[in-house]
Amino acid sequence: MIKCANPKAQYLSCSNEIKEAIERVLDSGWYVLGQEVSKFEEEFANYNDIDHCIGVGSGTEALNIALQALEIGSGDEVITTSHTAVATASAIDLAGATPVFVDIEKDYYTIDPKLIDAAITNKTKAIIPVHIYGQPCDMDPIIKIARSCNLKVIEDCAQAHGARYKSERVGTIGDIGCFSFYPTKNLGAIGDGGALLTCDKKIAEKIRLMREYGWEQRYISSLKGWNSRLDEIQAAVLRVKLMKLDTDNSRRVKLALQYNIGLKNLPLKTPNIREQIDHVYHLYVVKTKQRDNLKNHLYNNGISSTIQYPVPIHYQEYYRKKLGLISLPETQQAADQILSLPMYPELEENTQNDVIKVIKNFYE
């Protein structure tokens, strides 16, 4: 079976370096918040050309910590998209705030800035744009709206490590950028992990305290916090993989171009790319009214594909009961028609050609 994502292949591409990194941690005798985390935080901050990086336990926790660090909670509203992993809404909900969903842009699947103004109320405190599939949101109008209404911007960068909006890396444009290092991500660990980026020193210091019980001194809490620490082994693995992130992203772009060429003139929609951005293709997503039949056809020919996301968050039982019925037509159409094809840096050209061939056969 040709896999849709293949984190083991990425491990094998640098297995010796990863094994050496893990051995280094084991031999050090320091397994929590040691030198590996500190060095990764420094290296990831430098990679993104920003002052502060704080490693945490997961991408979901990164979002939740960001909200609480900005004192967003009970009674507050946060504008975001329903076309995302449920983690985005879950982080808002766990902070005590209410997610307010607006529709996505038809061509790019990212939050539609033109719809944000109408969703703002006197309870709105922040916007969380999600850089979905590796494509940056249209950040200029989002930042403009946020600044004019005194709102915070928390970027959900879980699928966009290394992507650029114009000249800036995603995660450095708003107030805080949040990343997941789940194994299938462009920069993936071998377990859970996350990080926050910010240029605000005071916010960074607050987040560092919050991730470990609010301790300013060991065992003495100076503010509300809990346990959300990026561990030493994951940090060591991420340091290895960070060195090859740009190369891997370039490979993803090359694979995407080959899909574009191979699927040209077929009755399906390949990704549209926003001007002046660098898409990093965490996923390669096509859109077709025959999605389910195409997915079955691929499976019957030994090819795995995925649907992200088949049920928009606002239609999921918990959020539907909490928020009531919401109409988001572009989000619903995407959920009904999108399909992710195999995409990972180690995908070989002949394997990708097999995928393209099977898709062509479906439409013949």
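## Helix 8 and the seven-stranded sheet

Helix 8 (residues 201-210) lies across strand 1, strand 8 and strand 9, running at about 15° to strand 1. Lying across is judged by contact, meaning heavy atoms within 4.5 Å. Axes are lines fitted to C-alpha atoms, for helices over the stretch in contact, and angles run from 0 to 180 degrees between N-to-C directions. Helices (H or I, at least four residues) and strands (E, at least two) are DSSP runs numbered from the N terminus. The model is predicted: local features need pLDDT of at least 70, side-chain atom pairs count only at pLDDT 80 or more, and totals for chains, interfaces and linings use all residues. Residues are numbered from 1 along each chain as its sequence is written, and side-chain values use heavy atoms, with hydrogens and water left out.

The strands under helix 8 belong to an open sheet of 7 strands with the order 1-9-8-5-4-2-3 and mixed pairing. Two strands pair if DSSP finds at least two bridges between them. At the edges stand strand 1 (52-56) and strand 3 (98-102); each has a single partner strand, so one side of each is left without a neighbour in the sheet. On average, neighbouring strands are turned by 25° against each other, direction ignored. Strand 4 (residues 124-127) pairs with strand 5 (residues 152-156) in the parallel sense over 2 bridges, and Ile127 stands opposite Val153 in strand 5. Helix 4 lies across strand 1, strand 2 (77-81), strand 5, strand 8 and strand 9 (194-198), and runs at about 160° to strand 8.

## The three-stranded sheet

A further open sheet has 3 strands in the order 7-6-12, with antiparallel pairing. Strand 7 (168-169) and strand 12 (277-278) are at its edges, each with a single partner strand, so one side of each is left without a neighbour in the sheet. Strand 6 (residues 164-165) and strand 7 run antiparallel and are joined by 2 bridges. Arg164 stands opposite Arg169 in strand 7.

## The largest pocket

The largest pocket has a volume of about 470 Å³. Of its 29 lining residues, the closest to the centre are Gln159, Tyr182, Thr184, Lys185 and Tyr309. Helix 4 (59-69), helix 5 (86-94) and strand 8 (176-180) are the elements that give two or more residues to the lining; helix 4 gives the most, with 3 residues.

On a 1 Å grid over the protein atoms alone, a pocket is an open set of points where a 1.4 Å probe fits, with protein on both sides within 12 Å along at least five of seven lines; lining residues have an atom within 4 Å of a point.

## Aromatic pair and backbone

Phe40 and Phe44 form a stacked aromatic pair, 5.4 Å centre to centre with 15° between the planes. Rings pair if their centres lie within 6.5 Å, and planes under 30 degrees apart count as stacked. The two residues are 4 apart in helix 3 (residues 35-47), so about one helical turn separates Phe40 and Phe44.

Most residues other than glycine have a negative phi, and most peptide bonds are trans. A cis peptide bond joins Gln308 and Tyr309, with omega about 15°. Tyr309 lies in the loop between helix 11 (291-300) and helix 12 (317-323). Asn265 has a positive phi, near 75°, and is placed in the loop between helix 10 (245-262) and strand 12.

Conventions:
Grid points are joined across faces, edges and corners, and a volume is the space filled by probe spheres set on the points. Rings of Phe, Tyr and Trp (its six-membered ring) pair if their centres lie within 6.5 Å; planes under 30 degrees apart count as stacked, over 60 as edge-to-face and the rest as tilted.
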